[in-house]
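Trainee: I should like a close look at a single part of this protein. Please take the strands at the start and end of the chain's first domain and set them in their surroundings.

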Amino acid sequence: MKTDVVVVGGGGTGVAAAIGARSQGVNVVLLEKNATLGGTTARSIGSISATQTADQKRAGIVDTPDEHFEDMGKFSQEHGDRPDNDALARILVDNVPETVRLLSEWGVVFLGPLDEPPHRKPRMHQIMPNSAAYIFHCERHARKIGVDIVTQARARKLLVSNGEVIGVEFERADGTVETIEATRGVILAAGDYAADPEFKGKFISPAVGATEAVNPTNTGDGHRMALALGARIINQDMFGGGMRFVRPPKPAWQSRLPPWRWLMRASNLALRIAPKSAVRQFLMGFVTTVVVPERGLFRDGGILINKKGERFADETKGMVFDMAYQPDGVGYIFFDGGVAKKYTQWPHYVSTAPGIAFAYLQDYEKTRPDLFRRGETLEALAGKLGMDAATLQNTVQTYNASTDARGARLAIGGGPYYVLGPVKNYINYTDGGLAINTSLQVLGKDDVPIPRLYAAGATGQGGLLLKGHGNHLGWGFTSGRLAGQTAARLAPRA
Ligand SMILES: Cc1cc2nc3c(=O)[nH]c(=O)nc-3n(C[C@H](O)[C@H](O)[C@H](O)COP(=O)(O)OP(=O)(O)OC[C@H]3O[C@@H](n4cnc5c(N)ncnc54)[C@H](O)[C@@H]3O)c2cc1C
């Protein structure tokens, strides 16, 4: 096989790269190891932060890339002295408005823009009805303009001749190994290593290495292929993740809506004019699906127990990665009637989708009955969870007796008792990306660009601190698009 540009990976970054290259009039082959495109992109919440978009203008918001750049810096302060890659951040903020325009042109419909402090203006655009719609529209557009998409094709190795990358070796589902030559360039858009126990264990910690990823097939293949050519990874210890409620047995009807543009536009309009209570009910489907429980629940007296009813960690100390070593890797948030009462109204919410809505305990009882258990007594609650009542009673007694365990928290009081869960720790993404230059070329030995090799999105994060919501996807689609255009403009090898 021979083509002009080969893209490795069919998440948001890869499809954007393929479209970017194809729009320059060259031939493009996209290799995706799974049976369908999507990657983490199709499993994300789906927000993109951007300025000067049609949605911002419609809402009368005057905003600029400069302000976006400054506000990103406010999030990044959370990382202390860790340097950001300002040159790449500049590329992101300057080009993400065009990315959002193109996504809309290809069929994507957004809700918003929504507020996310410390962004000083609402600039978070939430895709409707869910992030799989990115892939639906981008894949359709890519096929329409002639991108050749090959699924179940796992790239294994970069082919090199005279120091230049000239193609990719890949493996089909039946184990057949083939090669594809790229006369102009190869773009690595193979996502991150969130599902690779070896990299996570080595770069972050053994417990993180043992923790499940939201996307089980991103195993750092792009990173590995580039490392073999002398590339390096920046911020290899950074990742996003933590405790989430498990997925509902059946997705909420709202998120099962087909992503057709006319339907999403109609829904968007309806949301703007519908009564607040109806809008809230609609949004609950999102706010109680695979979201993060508020840490306040623990500060206010909730404890984390395992399937056997045992408390196994200090739940107030951020991420409890020991959960990976508990039965089935799950936990339950247990609390008494006092905490329950508190979490029925503002400002004590169980979960939120930033800028969209807040969910309280009664919302979980109604929209996520699979996560909600209530028992008048500890025995009754343990029975509902299939736990040994004596173990749960012992957990409560031991906790109440230990001021070390409780800290400033009140002892667990009388019934009724509640459990929300299962919760599980997930690694959402890893932030370690290959070092790249501002042309998105992968840097090799002594930081010299490896000829004809590009990386984008999570694979090519290049030291960018993408804190806050909506910048990972913004970077993926934007860097992919630009890498595709740049590779396509190279003169072909003789
Ligand atoms: C729960 C969750 C919520 C999130 N919410 C948001 C959000 O709202 N906003 C935001 O900005 N970011 C969000 N993120 C992060 C964001 O989704 C990712 O950073 C982004 O999707 C990465 O895009 P990508 O295209 O680089 O990688 P991916 O989308 O993961 O695509 C990589 C693709 O490469 C393929 N691949 C891997 N190896 C090979 C190989 N050897 N050969 C061929 N193909 C290969 C994979 O199968 C995959 O399809 C979220 C992440 C999670 C998990």
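Mentor: What follows is a walk through those strands, then the ligand shell, the domain contact and some backbone details.

The model is a predicted one. Its chain is divided into domain 1, made of residues 2-238 and 431-489, and domain 2, residues 246-426.

Let us begin with strand β1, residues 2-8. Five of the seven residues of β1 are buried, and the strand is thus mostly covered. β1 runs parallel to β9, with six bridges joining the two. In this pairing, Val5 has Gly185 of β9 as its bridge partner. β1 also pairs with strand β2 (residues 28-31), again in the parallel sense, over four bridges. Here the partner of Val5 is Val28 of β2. Val5 therefore has a bridge partner in β9 as well as one in β2. Together with α1, strands β1 and β2 form a β-α-β unit that is right-handed.

From β9, residues 177-188, one passes to β20: the two strands run parallel and are joined by three bridges. Ile187 has Tyr454 of β20 as its bridge partner. Strand β20 itself spans residues 449-455 and is mostly covered, with five of its seven residues buried. Another pairing of β20 is with strand β19, residues 441-443; it is antiparallel and has two bridges. Leu443 stands opposite Pro449 of β20. Five residues lie between the strands of this hairpin, and Asp446 there takes a positive phi near 55°.

The ligand comes next. Its surroundings comprise 41 residues, of which Gly9, Gly11, Gly39, Gly191 and Gly457 are the closest. The helix α1 (12-22), already met in the β-α-β unit, supplies at least two residues of this shell, as do β7 (153-161), β17 (417-430) and α17 (471-489). The largest share, five residues, is that of α17. By class, the shell has 26 polar, 10 nonpolar and five charged residues.

Turning to the relation between the domains, their centres, taken over C-alpha atoms, are separated by 32 Å. In the contact, 23 residues of domain 1 meet 22 residues of domain 2. On the domain 1 side, β4 (109-114), β5 (124-128), α5 (132-144) and α7 (206-209) each contribute at least two residues. That side divides into 14 nonpolar, six polar and three charged residues.

Some backbone details remain. Most residues other than glycine have a negative phi, and most peptide bonds are trans. Gln152 has a positive phi of about 50° although it is not a glycine, and is placed in the loop between β6 (148-150) and β7. Gln152 counts as partly exposed because it has 15 C-beta neighbours inside 10 Å. Asn162, also not a glycine, has a positive phi of about 50° and lies in the loop between β7 and β8 (164-172). With 7 C-beta neighbours inside 10 Å, Asn162 counts as exposed. As for peptide bonds, the one joining Trp346 and Pro347 is cis, with omega about 5°; Pro347 is in the loop between α12 (337-342) and β14 (351-353). The bond from Gly415 to Pro416 is likewise cis, with omega near 0°, and Pro416 is found in the loop between α16 (403-406) and β17.

Note on methods:
Residues are numbered from 1 along each chain as its sequence is written. This is a predicted model: local features need pLDDT of at least 70, side-chain atom pairs count only at pLDDT 80 or more; totals for chains, interfaces and linings use all residues. Domain bounds come from an automatic or database domain assignment. Two residues are in contact if their C-beta atoms, placed from the backbone, lie within 7 Å. Ala, Val, Leu, Ile, Met, Phe, Trp, Tyr, Cys and Pro count as nonpolar, Asp, Glu, Lys and Arg as charged, and the others, Gly among them, as polar. A residue is buried if 20 or more other C-beta atoms lie within 10 Å of its own, exposed if 12 or fewer, and partly exposed in between; C-beta atoms are placed from the backbone. Two strands pair if DSSP finds at least two bridges between them. A residue is near a molecule or strand if its C-beta atom, placed from the backbone, lies within 6 Å of it. A crossover is right-handed if, with the strands pointing away from the viewer, the path from the first strand over the helix to the second runs clockwise.
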